[in-house]
Amino acid sequence: MSGPKDVEHTPDGRYVVIDGRRWRATDPAIPAERRDELQKALMAWRRDVRRTRGTDEEQRSRAGVQAAKEALGERGEPWWEQSDDERRARWERRVPVPDEGGRD
């Protein structure tokens, strides 16, 4: 199973363990190129959450994080309970990225 830098997985591969805490793993069936796109979108939204914290825009930024994590299979219906078609539809859904142009 490919993943970030030797992250520990539970024996069933459904979770990663970071600092003793379990987190749902990214769906391993996502093609590498699409997984990279979704992870870049997730990181952009996380930066946007920091930028918008305490403003009216923060909720939009948090919704972007949620959408990216759902597409990756890290939130929402567990990927191991979805059919192949449902999984594919989930990761192929458009995930917008924040407009970072012209922002400080």
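## Helices, core and salt bridges

A search of the whole structure finds ten salt bridges. The structure is a predicted model, and this report walks through its helices, its nonpolar core and some of those bridges.

Let's start with the helices. Helix α1 spans residues 32–52. It has 21 residues and reaches 30 Å from its first C-alpha to its last, close to the 30 Å expected at 1.5 Å a residue. Buried in α1 are Arg34, Arg35, Leu38, Ala41, Leu42, Ala44, Trp45, Asp48, Val49 and Thr52. Among the elements that cover these buried residues are α2 and α3. Just after α1 comes Gly54, with a positive phi of about 80°.

Helix α2, residues 58–72, is built from 15 residues, and from first C-alpha to last it reaches 21 Å, close to the 21 Å expected at 1.5 Å a residue. Which residues of α2 are buried? They are Glu58, Ser61, Gly64, Val65, Ala68, Lys69, Ala71 and Leu72. These residues lie on the same side of α2 because they cover an arc of only 160° around the axis. As a general point, an α-helix has 3.6 residues a turn, so residues three or four places apart point the same way. The buried residues of α2 pack against α1 (32–52) and α3 (84–92). Just after α2, Gly73 takes a positive phi of about 85°.

Now for the core. The largest nonpolar core has twelve residues: Ile30, Leu38, Ala41, Leu42, Trp45, Val49, Val65, Ala68, Ala71, Leu72, Trp91 and Val95. Two or more residues of this core come from each of α1 and α2, and α1 gives the most, with five. In soluble globular proteins, nonpolar side chains tend to be buried together. Val49 offers a view of how α1 meets α2: leaving aside neighbours within four places in sequence, Val49 is in contact with Ser61, Arg62 and Val65.

Back to the salt bridges. Three of the pairs are set out here.

| Pair | Closest N to O |
|---|---|
| Arg90 and Asp27 | 2.6 Å |
| Glu74 and Lys69 | 2.5 Å |
| Asp85 and Arg88 | 3.1 Å |

Which parts of the chain does the salt bridge of Arg90 and Asp27 link? Arg90 is in helix α3, while Asp27 is in the loop between β3 (21–24) and α1, so that the pair joins distant parts of the chain, 63 residues apart. Both Arg90 and Asp27 are buried.

The pair of Glu74 and Lys69 is also out of the way of the surface by the cut-off used here, under 20% relative accessible area. Glu74 counts as buried because its relative accessibility is 17%, and Lys69 is buried because its relative accessible area is 11%.

Asp85 and Arg88 both lie in helix α3, three residues apart, about one turn of the helix. Are these two residues buried or exposed? At 56% relative accessibility, Asp85 counts as exposed, whereas Arg88, at 35%, counts as partly exposed. Elsewhere, salt bridges that share partners join Asp48, Arg51, Glu57 and Arg60 into one network. One of these four, Asp48, is among the buried residues of α1.

Technical notes:
Residues are numbered from 1 along each chain as its sequence is written. This is a predicted model: local features need pLDDT of at least 70, side-chain atom pairs count only at pLDDT 80 or more; totals for chains, interfaces and linings use all residues. Side-chain values use heavy atoms; hydrogens and water are left out. The expected span of a helix is 1.5 Å times one less than its number of residues. Buried means under 20% relative accessible area, exposed over 50%, partly exposed in between (1.4 Å probe, protein chains only). The arc is that of the directions from the helix axis to the C-beta atoms. Contact means heavy atoms within 4.5 Å. A salt bridge is a side-chain nitrogen of Lys or Arg within 4 Å of a carboxyl oxygen of Asp or Glu. A nonpolar core is a set of buried Ala, Val, Leu, Ile, Met, Phe, Trp, Tyr and Cys residues joined through side-chain atoms within 4.5 Å.
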